Amino acid sequence: MPEIERGADIEAGVGPSERRAHAATAAVGAPVLPVVFVFDEDRASLAAVMADLSRRFGNDFAVRGECSPELTLASLRDLAERELPVALLLFDGRHGSLLARAHELHPTAKRVLLVDRDYTSTSPAVRAMTLGEADFHIVRPWADDEVMYRAMSEYLSSLTSEHEPSFELFRIVASAGDSRVPEIRDVMTRLHLPFGFYPLEGEQGPRLLEEAGLDREAVPVVIGHDGRTMVDPSMAQLAAAFGVSIKNEVESCDLAILGAGPAGLTAAVYAASEGLETVVLEQEVSGGQAGTSPLIRNYPGFPHGVEGGLLMERTCEQAWLMGAKIVFAQQVVALEQDSGRHVVRLADGSRLSARTVLVATGMRWRRLGVARLEGLIGSGVYYGAAAGETRAMQDREVFVVGAGNSAGQACLHLAGHARRVTLLARGESLGRSMSQYLIDGLLAAPNVEVRLRTEVVDGAGGEVLEGLTLCDRASGQAHTVSAGGLFIMIGGEPHAQWLPPAVARDAKGYILTGTELLEQAGADWELDREPLTLETSLPGVFAAGDVRRGAMGRVASAVGEGATAVRLVHEHLQRPQAATPRAPAPSRRAAPRRRGRRAGRRRPRRKDAPAR
Ligand SMILES: Cc1cc2nc3c(=O)[nH]c(=O)nc-3n(C[C@H](O)[C@H](O)[C@H](O)COP(=O)(O)OP(=O)(O)OC[C@H]3O[C@@H](n4cnc5c(N)ncnc54)[C@H](O)[C@@H]3O)c2cc1C
C-alpha cells in the first residue's frame, strides 16, 4: 500500500466520505483534493479527530493522519514529491518541532496545534502563537462537532484568502510594473473581491485584451466577469463598479462622519442604530489603515488574529444595515459654518449640512524622501502593508522600513511568501516601539533578518524596483542590495490639513480635543462649559481615532473612540446651544485665549502615544 494511503488504516479514521476523497485523488483527471493532515501520537485521539474531520469535510478534503513522527514525515514528503496540495497540518501541540519540519515540506499549509484544555501560560499554544510557529490552535476534546466546524471554517477561509481565487469577479490586465495596479489591487483586496492579475508580458494578458476588443495601449484595464471593461479606472469608477455609493444624495443629517476607518465606521454603527440620521464620507473605500493590515493580532475577540480588510468590511456592512448612508470615493475638502449648522464640502462640489460632525480621517504614511524610490511607488515600492501585494512578493527579496508594530506585522506576514524579508530600522533597538510578541516572532522566523541602525539612502530600477542602497548609520558605510519589494512604514501625519483654523491642532497637525483645549497655547475654547472629551475647539465637531492628538494608534482604541463620540454627539444635541456653533476663529496659532470655566487651570500635558 503506498504511504499516502496509510492514514486510511487508522481505525475509525476512514469514513465513507474519506474513501470517496481517496478515490477522487487517485482517479485520472479527477480534481485533486487538498489534504488535511493530522498527527497525534494517541491512536484513539487520532481516530476521533479524523472521524470528525471526515464527516464534515470529507467531500472537499482528503483527510490523512499518522501517529508516528517518522511516518508523518514520510507521508508528507511523499505528498510534496507528488506535488499534492496540503491545506492544513493539525499536529499534537507537544510536537512543535515536527510541525516546523512538516511546514518546511508544505510551506503554504496552515498550521493548527491540537492542545489539551490548559489555560496556563505554559500551554504550547501560547508559545507557538507568540513566535509565529502556528497559525491556529484547537482545544481537545471538543464537546460537539460545531466547535470543530467553526474552527475549521476559520482556518480554511484564511487559507483561501491568501491563494489565487478559483473564481475571479475582476481581471486586471496591465504591464507588470504599472504603478496604478497596486491601487486597484488594494481596493479589491479591501473589499474582498476575488480578482486575478494578468501581465501584458504574459500569455493570458494579451489574449484577454483581444477578447475584450481592446488594444495594448488601453492598459491598465479591469475586465468584469460579465465582460464589462474599465480602462484605467478612477477610484470612483472602481467603487461604482463594486456597487457602492459614490455620490452623496443627502442634503442634511444629524451626524456627518468623515472617514471610514475603524473610528468612523464604529461611530456609524452606533449612531445609525441609535436613530441619528448618519452619513459617512470616505475618500477611498472602507477600512482606513486597518483595512490594509494583513493580520491584526491584538484586536479583542480574535485569538488567532483577524484580517484587517475583513474586520472593516464587516463593520461597514453592519453600519449600512443599521441605516447609515455610506459614500465612497468622496474626499471632504472643507468644513464651514452656515446659519448655525456645519457644512461639509466635498471634492465633487456638493455639500452636506450636518448638526454635528465627527472627524475620523486618521493619518497617512510619512514619506521616505528618496527621490528615486518615490518614482517607483507602486512598482515594487509601497507605503503601508499593501496587503494586495502579498501574492506578488512570492519568492522575492523583500525589505520593510520601520520599527513600529505595523512594520513588524508586515515582516511576519510577508515572510510567509517572500524568499527573505529584511526589516530596516534606524534606531538601536526595536524594544521601545514594537510589541514584544512581534519582536519574538521576528527573531524566531527563519527567513527574517533585522538590521538596526540602517537607513535606505537610494534605490535602483527602471520600470520596477531592482535594488536599494543601505547605509550603516554607525560606520557611515553604504552598500547596495538587490530588492524585489520595499514596504515603508515610518509613522505618519494626520489627515487634517483641510480643516478650518477654528479646529485647533498641535504643532504636528493632530486635532486637540477635550480638556487639552484648555491646556494648549493657541487653542480657543470660548463656551462657558468644559469641552466634551472628544470635542474639538469647534463645538459640535468631534474627533476620534488617529487624527486626534494623543490617540493610541490601535484599532481597538479607534473603535472605542468612535463609539464614545456618538454618546457625546447625543449629549451635544440635547444642549440648548447645539444649534448655534460660534464663528470660526481667525487662526489656529492664535494667542492663548482660555475663557471657559476652567481657564487658567493647567493640567500636566499627556504624553504622545507610542510609535506604531
Ligand atoms: C499596516 C498597518 C497595520 C496595523 N496593525 C495594527 C494592529 O495589528 N493592531 C492595531 O491595534 N492597530 C494596527 N494598526 C493601526 C490601526 O490600523 C490604526 O490605528 C487605525 O486604523 C486608526 O483608525 P482611524 O479610524 O482613526 O483612522 P484610519 O484607519 O486612518 O482611517 C481614516 C479614513 O479616513 C479617510 N480620509 C482621510 N482624509 C479624508 C478626507 N479628507 N475625506 C474623506 N475621507 C478621508 C481615509 O481614507 C481613511 O479611510 C495598523 C496600521 C497599519 C497601517
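Domain bounds here come from an automatic or database domain assignment. Keep that in mind as you open this predicted model, since the first stop uses those bounds.

**Stop 1: the ligand**

Select the ligand and its surroundings. You should find 40 residues around the ligand, the closest being Gly259, Gly261, Gly288, Gly362 and Gly545. The elements that contribute two or more residues to this shell are H10, helix H13 (405-415) and H16. Now colour by domain: domain 3 (252-364 + 494-509 + 536-594) and domain 4 (374-490) each supply at least three residues to the shell. Colouring by class instead splits the shell into 15 nonpolar, 19 polar and six charged residues.

**Stop 2: helix H10**

Next, select residues 262-273, which form helix H10. This helix has 12 residues and reaches 16 Å from its first C-alpha to its last, close to the 16 Å expected at 1.5 Å a residue. Is H10 mostly covered or mostly open? It is mostly covered, with 11 of its 12 residues buried. Among the buried ones are Pro262, Gly264, Leu265, Ala267 and Tyr270.

To see what covers them, show strand E10 (252-258), strand E11 (278-281), helix H11 (308-322), strand E15 (351-359) and helix H16 (555-574); the buried residues of H10 pack against these elements. Beyond the end of H10, pick glycine 275, which follows the helix and has a positive phi near 90°.

**Stop 3: alanine 260**

Step back to the loop between E10 and H10, where alanine 260 sits. Alanine 260 counts as buried because 31 other C-beta atoms lie within 10 Å, and the cut-off for that label is 20 or more. Leaving out residues up to four places away in sequence, alanine 260 touches Leu265, Val280, Glu282, Ser286, Gly288, Cys316 and Ile326. You can also draw a distance to glutamine 289: the two C-alpha atoms are separated by 9.8 Å, with their positions 29 residues apart along the chain.

**Stop 4: the nonpolar cores**

Which residues touch the most other members of the largest nonpolar core? In this core of 89 residues they are Ala256, Ala267 and Leu358. H10 gives the most to the core, with eight residues. Domain 2 (170-241) and domain 3 (252-364 + 494-509 + 536-594) both contribute, so the core lies between them.

Centre on leucine 358 for a closer view. Setting aside its neighbours within four places in sequence, leucine 358 is in contact with Leu255, Ile257, Leu258, Gly264, Ala267, Phe542, Ala544 and Ala565. Apart from this core lies another, of 41 residues, including Leu376, Val401, Leu430 and Ile488.

**Stop 5: backbone surprises**

Most residues other than glycine have a negative phi, and most peptide bonds are trans. Three places are worth a click with that in mind.

- Proline 220 is in the loop between helix H8 (204-211) and strand E8 (221-224). The peptide bond leading to it from valine 219 is cis, with omega near 0°.
- Aspartate 232 is in the loop between strand E9 (229-231) and helix H9 (235-241). Its phi is positive, about 40°, although it is not a glycine. With 14 C-beta neighbours inside 10 Å, aspartate 232 counts as partly exposed.
- Alanine 329 is in the loop between strand E12 (325-327) and strand E13 (332-338). Its phi is also positive, about 55°, although it is not a glycine. Alanine 329 is buried, with 23 other C-beta atoms within 10 Å.

Technical notes: Residues are numbered from 1 along each chain as its sequence is written. This is a predicted model: local features need pLDDT of at least 70, side-chain atom pairs count only at pLDDT 80 or more; totals for chains, interfaces and linings use all residues. Helices (H or I, at least four residues) and strands (E, at least two) are DSSP runs, numbered from the N terminus. The expected span of a helix is 1.5 Å times one less than its number of residues. Two residues are in contact if their C-beta atoms, placed from the backbone, lie within 7 Å. A residue is near a molecule or strand if its C-beta atom, placed from the backbone, lies within 6 Å of it. Ala, Val, Leu, Ile, Met, Phe, Trp, Tyr, Cys and Pro count as nonpolar, Asp, Glu, Lys and Arg as charged, and the others, Gly among them, as polar. A nonpolar core is a set of buried Ala, Val, Leu, Ile, Met, Phe, Trp, Tyr and Cys residues joined through C-beta atoms within 7 Å.
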